Each structure stands twice: as C-alpha cells, then as structure tokens.
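Thank you all for coming. I would like to walk you through one model this morning, moving from the overall picture to the ligand and then to two individual residues.

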Amino acid sequence: MEFQFGTNWAVFSKYAGGVIGQTLAMEGTFAFFLESAFIGLFLFGEKRLGQKLHWLAAFLLFVGTWLSGWFIIATNAWMQHPVGYEVAADGSVQLTSFWALVLNHWAIYQYMHNMGGAVVVGAFAVSALGAFYILSKRKVEYGQMFMKVGVVVGCIASIWMLFPSGDRQGKMIAEHQPVTLAAMEGLFDTKDGAPLVLIGQPDMEKQRLDNAIHIPNMLSFITYQRWDAKVRGLNEFPKEDHPTNVPLLYYSFHIMVGLGTMFIAIMSIAAFWLWRGWLFSANWLLWILMLSFPLPFVANTVGWAVAELGRQPWLVYGLFRTEHGHSPLVSGGNVLFTLLGFAGMYTILSLLYIFLMLRRIDQGADELGEGMQAEAN
Ligand code: HEM
C-alpha cells in the first residue's frame, strides 16, 4: 500500500507527504521491523529460546503489530479528520504538530474500534477451532481450553464493538462528517426525532428508503441523547459533497452493525452456556461457533468500506478531493490490471495459508510439541 501512494496517488503524496510521511515511515521502521523480526523468532525460535524468551518474542510481536496498527490508523484518521497541519505557499500541507497527528482524537476511537475488530476475529477463530476439536472428539482437552478463552474474550470484544467503540465512532461522524452519517443511515430528509433503520433499500432516484423497518426516534437518541433531536438528511448538503456511492455505504454499514449484533448474541449465549457448564455438550451451539468464524472477516471488510466510502468524495476530508489526487500518467486500466495482479497473488497466498493452517489444526498442539521435543532430544 505504501508503494501505491507513490505510484497511483502521486499528486496526493506530493500534497500530503509532509504530514502522512511521518506516520507511514514510523509504521515501516519501528513497527514493521519489530513485527517481522519477532514473528520469525516466535515461530521458529521456540527450541532455542526457551520458555521465557519465547514468551518475550510473542509479547514483542504483539507490541509490534499493535504499534504498526496505531501508526497506520493515525494516518487514516488524519485523512478523516485533518489536524496539526498548515498550508504551505505551494499549496501542500505541512505538519505543525507531531503530537496532534499521532494523538488525533479520531485516531483514538478508530484504533479502539479497529483493534477490537481484530480481537473479535481472533476470538471467533479460537472458539471455532475449540468447537471443531470437541465436535470431532479429538484433542478434546485443548478444544475445551480454546473454547473457554475464545468465548470469554469474544463476548467482551463483541460488546466492545458496539459500546463504547462503535458508539464513539458514530458520534464523531455525526459531529465532523454529518453528510456521511445521513448516507450511512439512508436518511434523505432532515428529521426531528429521526428513526434508526433496521432494514430497507435506498432508492437514489426517488430519494427515499423502500420497505424500511425502523425504530422511531432511535437515531436521534443514540446520536444526540435526545429523542426529538434534529438529524440532518442528505438533501441538506450540497450534492457534490455527498459520498459517491450512497447505497454501498448504507449496505456496508448495515451489514457491519447487523453482524456485530449477531456476534453479541452468539457470544453472550455461549458465555452463559459456558458458565452453566452446558457448552461442551451443546452440539447445536458448537456448530454455530464453528461455522461463524468467517463472519468477523466480513464485518471488518465492510467496516473498512464504511470508513473509506464514507470519506468520499474527499481524500483528506474537507481539504482535498479524491478526483484531484491520482497520478495523471496512470490510467484506470493500469490500476485495474495491477489490482487484479495483487488479487491473484493474494488468492494464491491465502490458499497456501489455508492449506498450512489445516495441516497444523490436524496435527494439533500435542503432536507438534512432541515432534519438537523429539527433535530437541
Ligand atoms: C456492533 C455495532 C457496530 C457499530 C455501531 C459500528 C460503528 C462503526 C462506525 C460508525 C464506523 C465508521 C468509522 C468511519 O467512518 O471512520 C465503523 C468502522 C469500522 N468497523 Fe464498525 N461498528 C460495529 C460493529 C463492528 C464489528 C462487529 C466489526 C468487526 C468485527 C467492525 C469493524 C469495523 C472496522 C474494521 C471499521 C473501519 C476502521 C475504523 O474506522 O475503525 N465494526 N464502525
């Protein structure tokens, strides 16, 4: 992605490099190197390092990945809500406060939500693996251990996605990007006591929501804590400032929140069943936990679609439009070609990853441990 800033977004890089160059470079130097060095030690160094140093490698790997997450989110947060900059004589932006950039309040809430999303993925994957071991009656002890950790963490993390992190993100958008909020909610006309839409299809031609099912006054309440608060609709903003693909933004947002609600329901039931001692024999629930592991990947992807589609038509919100940022010499066809190339490469890597993961799952921790022990002896 960092290369793409230079190749496909040259005008944007020239405009904003003086600000985002900071966080991108820090991501590359501190976090990425820390991350890649320690993942190597973590995966291959167990025998040589011994337990304590191996634990330390795991911890530093965690620090590296979460630090790299911070710097990349701070970069994106600046594009969503620019702070700590001044406009230079040549029209580009230059950083005036490093701390304003890295401690942007948008970044704080975005980071809380984004990293929470990663924890949800991990928790669902661990509990799915636990459910698989218990259901297939192999390595049942490990299965129960995975299940306990996955369900407890999954329950806390799923609630965290709604409150406080998702709620804070929503409030920030209401304050700084009100037109985005209107598009996310499919609200065409300004309303006192605006409803929260559960389902419905935005009809862009007729400027209305078809077949809507909604909770009256709820959007006003969750946004402004008043049942009759005014929420501004899309039609109140100039057309050129509307997000460029309102239906996709609306659907992405509703899929994310719908899945988030489902995660809370699944994990709360599982946590209650675990507490009562019923979980390990409740096959129906184990099947649900096992099969739902891909869903958090979907939620994260649509979540990012919400953040990026919601920022349109701006690259840097309110300052610099997307249509002005691309490299003039790179055509749409070139971009599509390289995108397909990357998609192909990632498909191959994903297949390889799935193959290796399935092999590891099949071997299980016990046999892996025994294998290593034998090699060590
Ligand atoms: C349960 C209710 C949820 C609410 C109210 C909520 C709210 C939001 C909002 C308002 C945004 C847009 C931020 C922006 O435009 O910058 C967002 C983005 C995002 N959401 Fe959610 N979300 C929820 C659930 C989830 C879940 C379950 C996941 C994943 C497991 C998720 C992952 C993401 C990601 C990755 C982003 C983009 C990065 C970011 O801005 O943090 N969300 N969410």
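**Overall picture**

Let me begin with burial: of the 377 residues in the protein, 32% are buried. Please keep in mind throughout that what you see is a predicted model, so every value I quote is computed from the predicted atoms. The secondary structure comes to 12 helices and 8 strands, and the C-alpha atoms fill a box of roughly 70 × 50 × 40 Å when the box is taken along the principal axes.

How does the radius of gyration stand against that of a compact globule? For 377 residues a compact globule would have a radius of gyration near 21 Å, and because the protein has 23 Å, the two agree. As for how the chain is connected to itself, if we take contacts between residues at least 6 apart in sequence, 68% of them join residues at least 24 apart.

The domain assignment gives domain 1, covering 1-103, and domain 2, covering 335-377, and the centres of domain 1 and domain 2, taken over C-alpha atoms, are separated by 26 Å.

**Around the ligand**

Turning now to the ligand, we find 26 residues surrounding it, of which the closest are Gly 117, Gly 166, Gly 260, Ala 299 and Gly 303. Which helices each supply at least two residues of this shell? They are α5 (105-135), α6 (140-176), α9 (246-276) and α11 (295-311), and it is α11 that gives the largest share, with 8 residues. In its chemical character the shell divides into 13 nonpolar residues and 13 polar residues, with no charged residues.

**Met 184**

The residue I would like to consider next is Met 184, which lies in helix α7, spanning residues 178-185. Is Met 184 buried or exposed? Met 184 is buried, because 25 other C-beta atoms lie within 10 Å, where the cut-off for a buried residue is 20 or more. Leaving aside its neighbours within four places in sequence, Met 184 is in contact with Leu 249, Tyr 250, Phe 253, Val 306 and Gly 310. By way of a long-range reference, Met 184 and Gly 17 are 167 residues apart in sequence, and their C-alpha atoms are 30 Å apart in space.

**The hairpin and Asp 203**

My last stop is the hairpin, in which strand β4 (residues 196-203) pairs with strand β5 (residues 208-215) in the antiparallel sense over 6 bridges. Val 197 stands opposite His 214 in β5, while Asp 203, which is found in strand β4, has Arg 208 as its bridge partner in β5. There are 4 residues between the strands of this hairpin, and there Gln 207 takes a positive phi near 55°.

Asp 203 counts as partly exposed because it has 14 C-beta neighbours inside 10 Å, a count that falls between the cut-off of 12 or fewer for exposed residues and that of 20 or more for buried ones. Once its neighbours within four places in sequence are left aside, Asp 203 is in contact with Arg 208 and Asp 210. Finally, Asp 203 and Pro 247 are 44 residues apart along the chain, and their C-alpha atoms are separated by 8.2 Å.

How values were computed
Residues are numbered from 1 along each chain as its sequence is written. This is a predicted model: local features need pLDDT of at least 70, side-chain atom pairs count only at pLDDT 80 or more; totals for chains, interfaces and linings use all residues. A residue is near a molecule or strand if its C-beta atom, placed from the backbone, lies within 6 Å of it. Ala, Val, Leu, Ile, Met, Phe, Trp, Tyr, Cys and Pro count as nonpolar, Asp, Glu, Lys and Arg as charged, and the others, Gly among them, as polar. The radius of gyration is taken over C-alpha atoms; the globule rule is 2.2 Å times the number of residues to the power 0.38. Two residues are in contact if their C-beta atoms, placed from the backbone, lie within 7 Å. Two strands pair if DSSP finds at least two bridges between them. Domain bounds come from an automatic or database domain assignment.
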